[in-house]
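Please work through the exercises below with the coordinates open in a viewer, and try each task before reading its solution.

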Amino acid sequence: MAIFSPSLLSKLTAPLLALGLLASCQTKREAVDLLVTNATVYTVDSTFSKAQAFAVKNGKFVAVGPAADLKARFAAAKEVDAGGKFIYPGFYDAHCHFYRYALALPSTDLVGTKSWQEVIRKLQQNRQQYPQAAWLTGRGWDQNDWPGKQFPTKDTLDQLFPDVPVLLTRVDGHAALANQKALDLAGVTARTPISGGTITRDARGRLTGLLVDNATRLVSSKIPEPTPAEAAPLLLQAQQQCLAVGLTSLADAGLDKTDIDQLAALQQQGQLKLRLYAMLNPTPANRDFYLKNGPVLTDHLTINSFKVYADGALGSRGACLVEPYADRPRETGFLLSTEQEYRALAKELAASKFQMNTHAIGDSANRIILNIYGEALRGQKDRRWRIEHAQVITPADMPKFGQFGIVPSVQPTHATSDMYWAGERLGAARLKTAYAYAELLKQYGQLALGSDFPVENINPLFGFHAAVARQDAKNYPTPGFQMENAISRPDALRGMTTWAAHAGFEEQRKGQIKPGLLADFVVVETDLLTAPNEKLRDAKVLQTWIGGQQVFSVNK
């Protein structure tokens with residue numbers, strides 16, 4: 001019988017024990033769906049920490065940390081090497097018009113036109129492309145970009161398109177030009193009464209075709225809505241454009257129940273991947289249904305706010321100002337409803353669980369709405385009622401954002417688009433308190449950043465660049481526009497991720513790369529925190545992921 005010495009037995013059993021321990025460790029690794037490694041991960045958590053890797057299971061982040069640690073802890077069904085690229089939480093546009101953007105895709109794109117003659121050429125091309133269309137529509141013109149900066153009239157439209165109704169919406173969505181055929185269909189005449197808007201007439205009292213604010217709806221309401229079958233491909237086409245620039249969540253500002261039902265149906269069918277925060281139009285039908293049934297709070301759809309319009313836009317002089325326009329000393333703009341109506345709505349919503357999100361551009365509109373918010377909320381500082389745009393604020397009214405707990409929801413590209421002419425409207429002194437993002441951040445502690453697309457470009461990195469550099473696509477002006485109100489790069493990234501989520505009571509579900517939150521993230525070739533300003537707009541989104549599923553890749 002062979003007898004083994006203790007030392008020999010130890011030498012024989014040590015490797016077996018090691019193998020056993022290794023097998024035991026391997027069997028204890030937790031199964032996950034996805035492990036992403038070899039990345040610079042900006043988590044945008046409370047400490048703005050960075051990591052190398054993260055794991056995803058059931059559509060949520062389960063761990064974030066060093067790659068070696070996560071590889072030891074998890075067995076992934078799919079492992080992705082990020083190739084040293086930069087990963088951020090999915091970008092969140094806190095104020096846009098996705099539904100209307102999608103339906104307008106067949107319309108004539110007039111953004112960036114440099115003259116009225118260029119507008120006409122584009123319309124003629126569109127008519128040739130869609131000769132059977134019942135209406136000829138377009139959006140995006142801005143007379144401030146044309147020689148003379150004069151508003152157009154309908155004369156040329158009447159000559160070229162006498163038998164087809166034409167409606168051309170200004171870039172801000174608060175003014176439009178209609179031809180006579182469209183005016184006739186809408187029953188608009190020189191004597192048509194209008195409140196909260198303008199039907200423009202020439203020196204002889206004849207209609208020019210220019211409609212401002214509420215007047216635009218007299219004509220736009222006559223354009224037939226597409227059927228669900230017609231709208232669905234347009235919505236999915238618009239989704240692909242969003243995913244290609246890293247957008248995973250959108251706040252769609254101003255929808256009706258029928259619009260939301262259609263979007264929700266596409267989500268339920270698995271076709272619409274984007275997560276939506278839907279702001280309701282405050283129509284009697286919407287209020288009756290949703291105030292009775294309460295908010296909707298799911299991973300894909302949030303409905304807990306109403307979108308209200310206090311005034312119009314600065315470019316079309318519809319913004320309501322405390323003092324007259326510098327370039328029109330007899331005009332101050334106007335409110336789109338009465339103060340009594342806003343006050344009654346605020347009281348109604350304060351008694352509910354819904355937010356009130358109000359478009360306010362001019363300093364008078366902002367003052368009125370802030371005061372109404374303060375009266376209605378009565379010290380409730382975490383209702384997260386929002387001012388959308390918060391564009392021109394007097395120094396006396398600025399502290400009310402912090403005092404009443406009001407979220408500033410702003411669009412940085414508005415500052416760099418408007419800077420060429422905003423001083424003409426406001427004057428130098430008043431311009432200093434416009435587009436004051438750093439001051440708004442100081443007052444509330446957060447900013448929700450959006451684009452307002454299609455008013456501005458859909459790409460959120462354009463807004464990031466405008467927020468930190470205060471420059472436009474030409475990197476103008478070199479020192480930046482009113483740089484005292486630029487914000488830091490970490491804060492700009494927070495504004496388009498976790499702060500945007502906070503503005504909709506969604507921060508416990510999205511906006512950070514953090515265990516327990518939805519696994520929405522974007523892979524970008526550029527380090528947005530260190531790249532030169534002039535490189536930010538060109539940063540390429542390589543991949544977009546929603547719920548741990550890849551929904552966009554430059555290689556597909």
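The exercises that follow concern a predicted model, and each task is followed by a worked solution.

**Exercise 1. Reading a sheet**

Task: Determine in which order the six strands of the open sheet are arranged, and which strands stand at its edges.

Solution: Begin with the order, which reads β3-β2-β7-β23-β24-β25, with mixed pairing. Next, look at the two ends: β3 (50–51) and β25 (549–553) each have a single partner strand, so one side of each is left without a neighbour in the sheet. Then turn to one pairing within the sheet, where β23 (residues 521–524) and β24 (residues 541–546) run antiparallel and are joined by four bridges; in this pairing, Val523 stands opposite Gln543. Finally, add the helix that lies across β24 and β25, namely α8 (residues 228–244), which runs at about 90 degrees to β25.

**Exercise 2. Classifying two aromatic pairs**

Task: Decide whether the pair Phe54 and Phe521 is stacked or edge-to-face, and do likewise for Tyr420 and Tyr476.

Solution: The structure holds 16 aromatic pairs, and two of them are treated here. For Phe54 and Phe521, the centres are 4.9 Å apart and the planes make an angle of 70 degrees; because planes over 60 degrees apart count as edge-to-face, the pair is edge-to-face. Phe54 belongs to strand β4 (residues 53–57) and Phe521 to strand β23, so the pair ties together parts that are 467 residues apart in sequence. As to exposure, Phe54 is buried with a relative accessible area of 0%, and Phe521 is buried at 1%.

For Tyr420 and Tyr476, the centre-to-centre distance is 5.5 Å and the planes are 15 degrees apart; since planes under 30 degrees apart count as stacked, the pair is stacked. Tyr420 sits in the loop between α14 (412–418) and α15 (422–426), and Tyr476 in the loop between α18 (460–469) and α19 (489–495), so parts 56 residues apart in sequence are tied together. Tyr420 is partly exposed, at 43% relative accessible area, and Tyr476 is likewise partly exposed at 43%.

**Exercise 3. A covered helix**

Task: Establish how many residues of α18 are buried, and what covers them.

Solution: Counting along the helix gives ten buried residues of ten, and α18 is accordingly described as mostly covered; among them are Phe462, Phe464 and His465. The cover includes β8 (91–96), β15 (247–255), α14 and α19. At the start of α18, a side-chain oxygen of Asn459 comes to within 2.9 Å of the backbone nitrogen of Leu461, whereas just after the helix Arg470 takes a positive phi of about 50 degrees.

**Exercise 4. A strand with two partners**

Task: Work out which way the side chains of β12 point, and how β12 pairs with β11 and with β14.

Solution: In a regular strand the side chains alternate between the two faces of the sheet. In β12 (residues 175–178), Ala175 and Leu177 point one way and Ala176 and Ala178 the other way, and all are buried. Three bridges join β12 to the antiparallel strand β11 (residues 166–170), and these two form a hairpin with four residues between them, in whose turn Gly173 has a positive phi of about 75 degrees. With β14 (residues 207–213), β12 pairs in the antiparallel sense over three bridges. Leu177 can be followed through both pairings, since it is the bridge partner of Leu168 and also stands opposite Leu210 in β14.

Technical notes
Residues numbered from 1 in each chain as written. Predicted model: local features only at pLDDT ≥ 70, side-chain atom pairs only at ≥ 80, totals over all residues. Heavy atoms only, no water. Pairing = 2+ DSSP bridges. Contact = heavy atoms within 4.5 Å. Axes fitted to C-alpha atoms, helices over the stretch in contact; angles between N-to-C directions. Phe/Tyr/Trp six-rings, centres within 6.5 Å; stacked < 30°, edge-to-face > 60°. Buried < 20%, exposed > 50% of the residue type's maximum accessible area, 1.4 Å probe, protein only. Polar contact = N/O pair within 3.5 Å; in protein donor to acceptor, adjacent residues only side chain to side chain.
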